[in-house]
Amino acid sequence: MSLSRAQLAQVQKLARLRFPEEAQDPLIERLNRVLDWIDQLRQVDVQGVEPMINPLTEFVDTTPLREDQVTDGDRVQDVLLNAPESDHGFFMVPKVVE
């Protein structure tokens, strides 16, 4: 697969990006290398390969994991001291969406 200047222009439009004219050819070359690499990955035969959900799956029985413990909690009032303004236990911030 090869990316053309027209396709790069479309990507720029969709992503709302703007690249200077002199940067477009090197960018197309780099993106084409990425696309070539993706094509190589598509050619790998993965039939019969179990998906890896967690990299520690095979080590769960042998690797001790610590217990989850809540520490330093229940300090709402101390945390709110850092807020410029608070109300009913929440940070108050200026409205940013109309």
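The exercises below work through the fold, the salt bridges, two residues and a surface patch of one predicted model.

Residues are numbered from 1 along each chain as its sequence is written. In this predicted model, local features need pLDDT of at least 70, side-chain atom pairs count only at pLDDT 80 or more, totals for chains, interfaces and linings use all residues, and side-chain values use heavy atoms, with hydrogens and water left out.

**Exercise 1. Describe the secondary structure and the overall dimensions of the protein chain.**

Step 1. Helices (H or I, at least four residues) and strands (E, at least two) are DSSP runs, numbered from the N terminus. The protein chain has three helices and two strands, and their order from the N terminus is α-α-α-β-β.

Step 2. The radius of gyration is taken over C-alpha atoms, and the globule rule is 2.2 Å times the number of residues to the power 0.38. For 98 residues, a compact globule would come out near 13 Å, whereas the protein chain has 26 Å.

Step 3. Along the principal axes, the C-alpha atoms occupy a box of roughly 55 × 50 × 20 Å.

Step 4. Burial is assigned by relative accessible area: buried is under 20%, exposed is over 50%, and partly exposed is in between (1.4 Å probe, protein chains only). By this rule 9% of the 98 residues are buried.

Step 5. Accessible areas come from the Shrake-Rupley method with a 1.4 Å probe; for residues, only the protein chains shown count as cover. The protein chain exposes about 9800 Å², of which carbon and sulfur atoms supply 56%.

Step 6. Contact means heavy atoms within 4.5 Å. Of the contacts between residues at least 6 apart in sequence, 30% join residues at least 24 apart.

**Exercise 2. Check the length of α2 and list its buried residues.**

Step 1. The expected span of a helix is 1.5 Å times one less than its number of residues. For the 22 residues of α2 this gives 32 Å, and the end C-alpha atoms are 32 Å apart, which agrees.

Step 2. Gln 24, Leu 27, Ile 28 and Asn 32 are the buried residues of α2. An α-helix has 3.6 residues a turn, so residues three or four places apart point the same way.

Step 3. The cover over the buried residues of α2 includes α1 (5–15).

**Exercise 3. Find the salt bridges of Arg 5 and state which elements they join.**

Step 1. A salt bridge is a side-chain nitrogen of Lys or Arg within 4 Å of a carboxyl oxygen of Asp or Glu. The whole structure contains four salt bridges.

Step 2. Arg 5 pairs with Glu 21 at 2.9 Å, N to O. Since Arg 5 belongs to helix α1 and Glu 21 to helix α2, the pair ties together parts 16 residues apart in sequence. Arg 5 is partly exposed at 34% relative accessibility, while Glu 21 is exposed at 53%.

Step 3. Arg 5 also forms a salt bridge with Asp 25, with the closest N and O atoms 3.1 Å apart. Asp 25 lies in helix α2 and Arg 5 in helix α1, so this pair ties together parts that are 20 residues apart in sequence. Asp 25 is partly exposed, at 47% relative accessibility.

Step 4. Another salt bridge joins the side chains of Asp 78 and Arg 75 (3.1 Å, N to O). Shared partners link Arg 5, Glu 21 and Asp 25 into one network of salt bridges.

**Exercise 4. Contrast the surroundings of Gln 12 and Met 1.**

Step 1. Gln 12 lies in helix α1 and is buried, with a relative accessible area of 9%. Apart from neighbours within four places in sequence, Gln 12 is in contact with Leu 17, Arg 18, Phe 19 and Gln 24.

Step 2. Met 1 sits in the segment before α1 and is exposed, at 61% relative accessibility. Beyond neighbours within four places in sequence, Met 1 is in contact with Asn 32, Leu 35, Asp 36 and Asp 39.

Step 3. Met 1 and Asn 32 are 31 residues apart along the chain, and their C-alpha atoms are separated by 7.3 Å.

**Exercise 5. Identify the nonpolar surface patch and place Val 46.**

Step 1. Patches are made of residues with over 30% relative accessible area and no salt bridge; like charges are joined within 9 Å, and nonpolar side chains (Val, Leu, Ile, Met, Phe, Trp, Tyr) within 5 Å.

Step 2. The nonpolar patch consists of Val 34, Trp 37, Ile 38, Leu 41, Val 44, Val 46 and Val 49, with about 650 Å² of accessible area together.

Step 3. Val 46 is in the loop between α2 (21–42) and α3 (76–80). With a relative accessible area of 53%, Val 46 is exposed.
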